[in-house]
Amino acid sequence: MNTRVQQDATGAGQPSALGPQPLIEVEKLEAWYGRRRILNGIDFRVDAGEIRVIMGGSGSGKSTLLRHLLGLQKPRSGTVRLLGVDLGRASEREMLALRRQIGVSFQGGALLTSLSVGDNVALPLREHTDLDENTIRIMSRLKLEVVNLGGFQDLMPSQLSGGMIKRAALARAIVMDPKLLFFDEPSAGLDPVVSAELDELILRLRDALRMTIVVVTHELESAFKIADTITVLDQGDILMTGTVDAVRRADHERIQDLLNRRPREIAVDADAYLRRLTEEQAA
Amino acid sequence: MNALSRPLASLGRAAVQSVAGIGYAGMLLLESLYFAALGWRVGQPLRLRQVLEQMRQIGVDALPIVTLLALTIGVMLGIQFIAALREFGAQSQVVVAVAKSVTREFGALITAILVAGRSGSALAARIGSMSVSQEVDALATMGIEPVRYLAAPALIAMLVMLPVLTVFADTVAILGAALYASPALNVTPAAYLLQTLSLLVPGDLWQGIAKAFVFAVLITLIGVSTGFSVSGGAEGVGRATTRAVVLSICYIIVADMVFSFFLNR
C-alpha cells in the first residue's frame, strides 16, 4: 500500500506517532431511504496517498456511501469526516473551503451541457479564484493536456465520446489540484481499451499529483488494477477492507460470489415485499 | 374503515405535499435573494454575466412573440369594446376601456402567461435535466451553490424583465387598438394615443407593474422548484416541464384575481 502523506491545513494527512492521519474517516454511518436502511452503521477510513476502491454489487450501498462522502446527503446517524471536517456539523463556509480541496468525477461525467469543454474545466477556477482570464485559460488547457484532451477545449460536451467526457470530467475534477479525488464508476459504459486507458490515467494522477483517490466501482478488473486497498460493500455492510491480494484470497462467501460473478439466489417473500412497499408509500 | 381512511390519508398526503412544496419554494426565494444580496460575503457572488444572459433569454428573445400577441390582443379588445359599447352609444369610451383594461389587466396577464410558457418551462427543463444528469450534484461538489448558480440569476432577471415586457406589451396593445379603433372613431391614431395618455393615471400602470413583479416570482419559483425536484429521467423532465407551465398559469390567474380584488375595491 502506498503510504505517502500530504501536508494539510486541517492536520489530516500528517504523519503522527500513531501513523498517518486519515483523510476520510467514517464512523457508525447509517443511511436510510424512507424506512429502508441502506447503510448499517459502517466504519471506514482512507489514508493519505492511497487509491481506495469501494467495490460492491448493485444495491450494496456504495452510491449512497459516496453521496455521504461528498456531503450530498447528511448522515442520519454516525459521522463522516473529510480532511478533518465533520460533514454533519460543518458550516457553509467550512463546506465551501472543504469542497475546494476535493474533486469529483461523476459516472456520466456531469459536464454542464451549456458550457464548452474548456469552460467546464475552467468553471471552478472562475468561481473560486481571482486569477485573470488568461491564466485560467492556460491552467484549464494544461489540465486538458494531462487527460490527453489538449485542443478539445472549444468543443461542446455533446460532441465528445463517452471516454472523452469522462476524461474532461476528470480534468475539471483536478483543475483546483484537490487533495482528495472521488471517481464514480470510471469504467461504466466504456469499451475495455478506453477503460484501461482511464485506469492508467488514474494511476498517473496519483503518482504525478500525489492525490488520494477514492474510486467507486463494480468492475473487478479495473478495481484490481488501480487499487491499493479495496473495501467490499454488501447490503449496507462492509465485508472487508484489504489489499488486492487479501481480497482475492478472502474466504467470505459473498466476496467470492462477487469475484466469481456468481448470482445470488433470490428468494422473494411476496407478503413481506408488499408490506414494505405499503409502508414506504404510507411514509 | 379502509374506505374512509384511504381518501382521508390521500387528502392528508396531498395537503402535506402542498405545504412542503410551498415551504420549499419559500426557502428557494429566501436563498436566492440572500445569494443575490449577500452571496459575495460567503464566496458565492451572483455573476452579472449570468444575470444578463438570463435577461436576454427571458426578455429580449421574447420580444417578437410579445409584440405579436400584444398587438393581437389590442386589436381584439378594440373590436370587442367597439361592438359592446356601440349598443349603448358609448363608442367614444373605447379609448378609456382599452387603456385601463390593458394597463391594469391584460398586459401583465398575457405577458406573464407567455413568459411562463417560454421561460418557466425552459427553467424547469434545464434544471430538471441537470438534476437527472448529476450536473446539479457536480455544481454542489465543486462548491458552487446550485441555488446561487441556477435560481438567483433567473429570479433577478425575471424581476427586471417581466415588468419591462409588461410595459412594452401595454404600449404595443394600445397601439394595436389605436390602429383598429381610430378609423371607427373618426380620429387619427396619433389623436387616439394622445387621448389614451391623457386618460391614464400612474396608478393604472403601477397596477400592472406590481402584478408583473408577483408573477415574476411565481414563474421563477415554480420553474426552479419543479426542476430541482425532478426524478425519473427524461420522462420526469417532461412531466416537470408540463407541471411548471400548468402550475404557473394557475397561480398567475389566481394571484391576478386576488390582486384585482384588493386593488379595485
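## A salt-bridge network in chain A

Which residues are linked with Asp119(A) in a network of salt bridges? They are Arg126(A), Glu133(A) and Arg137(A). Keep in mind that this is a predicted model, so every distance here is read off predicted coordinates.

Within that network, take the pair Arg126(A) and Asp119(A), whose closest N and O atoms are 3.1 Å apart. Arg126(A) is partly exposed at 24% relative accessible area, and Asp119(A) is also partly exposed, at 26%.

## How confident is the model?

The scores are ipTM 0.83 and pTM 0.85. For chain B, the mean pLDDT comes out at 93, with 100% of the residues at 70 or more.

## Chain A and its salt bridges

Chain A runs to 283 residues, and 51% of them count as buried. Its secondary structure comprises 10 helices and 12 strands. If you look at contacts in chain A between residues at least 6 apart in sequence, 65% of them join residues at least 24 apart.

Over all chains, the structure holds 24 salt bridges. One of them pairs Arg81(A) with Glu25(A), with 3.8 Å between the closest N and O atoms. This pair ties together distant parts of the chain: Arg81(A) sits in strand S6 (residues 77-82) and Glu25(A) in strand S3 (residues 22-33), 56 residues apart. Arg81(A) is partly exposed, with a relative accessible area of 27%, and Glu25(A) is partly exposed too, at 25%.

## Where the chains meet

Now for the interface. Chain A puts 26 residues into the contact and chain B puts in 21 residues. About 1,900 Å² is buried between chain A and chain B, with carbon and sulfur atoms giving 52% of that area. On the chain A side, Phe106(A), Leu112(A) and Glu127(A) lose the most area to chain B, and together they make up 27% of what that side buries.

Polar pairing shows up here as well: 8 residue pairs are in polar contact between chain A and chain B, counting pairs with both residues at pLDDT 80 or more. The elements of chain A that give two or more residues to this side are helix H2 (92-99), strand S8 (102-105), helix H3 (117-128) and helix H10 (270-282). H3(A) supplies the largest share, 5 residues.

## Glu127(A) and its two arginines

There are 3 salt bridges between chain A and chain B. In one of them, the side chains of Glu127(A) and Arg148(B) meet at 2.7 Å, N to O. In another, Glu127(A) meets Arg47(B) at 3.3 Å, N to O. That second pair crosses from Arg47(B), in the loop between helix H1 (2-38) and helix H2 (48-58) of chain B, to Glu127(A) in helix H3 of chain A.

Buried or partly exposed: which is Glu127(A)? At 7% relative accessible area, Glu127(A) is buried, because the cut-off for that label is under 20%. Arg47(B), by contrast, counts as partly exposed at 26%. As a general point, side chains of opposite charge can pair when their charged atoms come close.

## The nonpolar cores

The largest nonpolar core has 55 residues, and the members that touch the most others are Ile24(A), Leu69(A), Leu82(A), Phe182(A) and Leu139(B). Setting aside its neighbours within four places in sequence, Leu139(B) is in contact with Leu112(A) and Leu123(A) in chain A, and with Met130(B), Ile144(B), Pro146(B), Tyr149(B) and Leu150(B) in chain B.

There is also a second, separate core of 46 residues, whose members include Leu144(A), Val215(A), Val247(A) and Ala250(A).

Methods:
Residues are numbered from 1 along each chain as its sequence is written. Chains are lettered from A and ligands numbered from 1 in the order in which they are written. Side-chain values use heavy atoms; hydrogens and water are left out. A nonpolar core is a set of buried Ala, Val, Leu, Ile, Met, Phe, Trp, Tyr and Cys residues joined through side-chain atoms within 4.5 Å. Buried means under 20% relative accessible area, exposed over 50%, partly exposed in between (1.4 Å probe, protein chains only). Contact means heavy atoms within 4.5 Å. pLDDT is the predictor's confidence in each residue, from 0 to 100. Buried area is the accessible area (1.4 Å probe) that two parts lose on being put together, summed over both. A salt bridge is a side-chain nitrogen of Lys or Arg within 4 Å of a carboxyl oxygen of Asp or Glu. A polar contact is a pair of N or O atoms within 3.5 Å; within protein, one must be able to donate a hydrogen and the other to accept it, and residues adjacent in sequence count only if both atoms are side-chain atoms. Helices (H or I, at least four residues) and strands (E, at least two) are DSSP runs, numbered from the N terminus.
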